[in-house]
Amino acid sequence: MTDDLIARLSADLKPVPPMAMQRRLVLAAIVGLVIAILGAWFILHMLLGRPMGETFGGAMFWVKAGYTLAFGLVGLAALPVLARPDGRVLWPLLAAAALLLVALSLGTMNWMRTDWAMLELMGNTAMVCPWLITLTGAPVLAVLLAALRAMAPRSPAMAGFAAGLIAGGLGAAVYSFYCGETSMMFMAVWYSLGIFIVAALGAVLGRLLLRW
Amino acid sequence: MQTDPTEMRLRDLMLASLDGDAAAYRALLAELGRHLRPYFTRRLTPAFASHAEDLVQETLLAVHTRRMTYDRSRPFTAWLHAVAHHKFVDHVRRQSIRLTVPLEDDAPIFAHDDSADALAKRDLDVVLHAVPARTGDLIRRTKIDGASVAEAAAVHGISETAAKVSIHRGLKSLAARFAGGPK
């Protein structure tokens, strides 16, 4: 029985180049990002009529892009480790938490300066922002989870969470092109919430889909 | 870095396999099978010992389909152990829904007492000597060894009815003698 299996498996052997797994994950993130960009343009611009790049080039635009992409990079650093059966890594989680803390404290400082104006916190789109980020992040998450199914995560939930962090970060970065909000506190609360909704979604889906 | 001979040999085989060397791969899988069988047998409870071979195959399959996740710069045995451990935990989790051990298979306080068995056997021999030899043998065959009356009768070359009568009388006389009178 086992000998048959060994014979069959060795007949099926195909070479695996070095870094094959990392390349596949990065490719999945890029494919997901392209889908997210096209989807966001269709849904946000065509259907919801949001102008693209309204705040492009402003200081807050770059802060938002940097903040969201930082989450994506943190996830991207963690995922190749977490996709392995012997992979264990903690610092990306701490880095994400630190990032959130810094944004919240800077936002609170700005908010204090404006004498706790409600507009500073809520902007005009607080109620839709996290959900639209979830929407733009979803294709990235789907492609990443599909790629992860061929891998062997030690903890499916953690790998799903890292995938969700990438998807949330990239999705929020795409969304920021269509977002007219320029307040620090708005970004620290609602962007972060959107990113963590996608990350939590990734953890739950990972638990279900990434078992092996 | 690594000096353990098993690790070095397996890692060399794995690296050759990743580059597409089928002979090295076959040797690797065969050796992994030999390593994994005792690994799982040791960890499984006796009730599930028969699952060891399944787990070996599942692990080999996972090694094959997920070999992309092996990092060439890290120890191979650590990766293999992680895969095997994952498969073992998965197995325990799946079985835990009905992880029941039959009572007679466990709990040494209920273990079968062989000395009592031997005593009963000797008593039985003594008792059966109290009836004629043929009757005693018929009783032993039908009541103890579980043969049918027809079979026991055939051994002694008598009719089935005669055997039944003989057994009945024998039991009756034994009861009279050992049970304090007929009942």
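**Close-up 1. The loop around R72(B) in the predicted model.** In chain B of this predicted model, R72(B) is found in the loop that lies between α3 (52-65) and α4 (76-95). R72(B) counts as exposed, because 12 other C-beta atoms lie within 10 Å of its own, and a residue with 12 or fewer such neighbours is placed in that class. Although R72(B) and L15(B) are 57 residues apart along the chain, their C-alpha atoms are separated by 7.2 Å. When residues up to four places away in sequence are not counted, R72(B) touches L15(B) of its own chain and P18(A) of chain A.

**Close-up 2. The contact between chain A and chain B.** Where the two chains meet, 21 residues come from chain A and 27 residues come from chain B. On the side of chain A that touches chain B, α1 (2-11) and α2 (20-47) each supply at least two residues, and α1(A) gives the most, with five residues. Sorted by chemical character, the residues on this side of chain A divide into 15 nonpolar, two polar and four charged.

**Close-up 3. The loop around R84(A).** In chain A, R84(A) is found in the loop between α3 (59-82) and α4. R84(A) counts as buried, because 24 other C-beta atoms lie within 10 Å of its own, and the class of buried residues begins at 20 such atoms. In sequence R84(A) and M21(A) are 63 residues apart, while in space the distance from C-alpha to C-alpha is 9.5 Å. Leaving aside neighbours within four places in sequence, R84(A) is in contact with A152(A) and R154(A) in chain A, and also with T69(B) and D71(B) in chain B.

**Close-up 4. The packing of helices α4 and α8 in chain A.** Helix α4 (residues 91-113) and helix α8 (residues 184-209) of chain A pack at an angle of about 145°, and their axes are 7 Å apart. The crossing that α4(A) makes with α8(A) is left-handed. From α4(A), the residues L100(A), A103(A), L104(A), L106(A), G107(A), T108(A), N110(A) and W111(A) take part in the contact, and they meet M184(A), M185(A), M187(A), A188(A) and S192(A) from α8(A). Taken together, the residues of this contact between α4(A) and α8(A) divide into nine nonpolar and four polar, with no charged residue among them.

Key: Residues are numbered from 1 along each chain as its sequence is written. Chains are lettered from A and ligands numbered from 1 in the order in which they are written. This is a predicted model: local features need pLDDT of at least 70, side-chain atom pairs count only at pLDDT 80 or more; totals for chains, interfaces and linings use all residues. Helices (H or I, at least four residues) and strands (E, at least two) are DSSP runs, numbered from the N terminus. Two residues are in contact if their C-beta atoms, placed from the backbone, lie within 7 Å. Ala, Val, Leu, Ile, Met, Phe, Trp, Tyr, Cys and Pro count as nonpolar, Asp, Glu, Lys and Arg as charged, and the others, Gly among them, as polar. Axes are lines fitted to C-alpha atoms, for helices over the stretch in contact, and angles run from 0 to 180 degrees between N-to-C directions. A crossing is left-handed if the near helix is turned anticlockwise from the far one by less than a right angle, and right-handed if clockwise.
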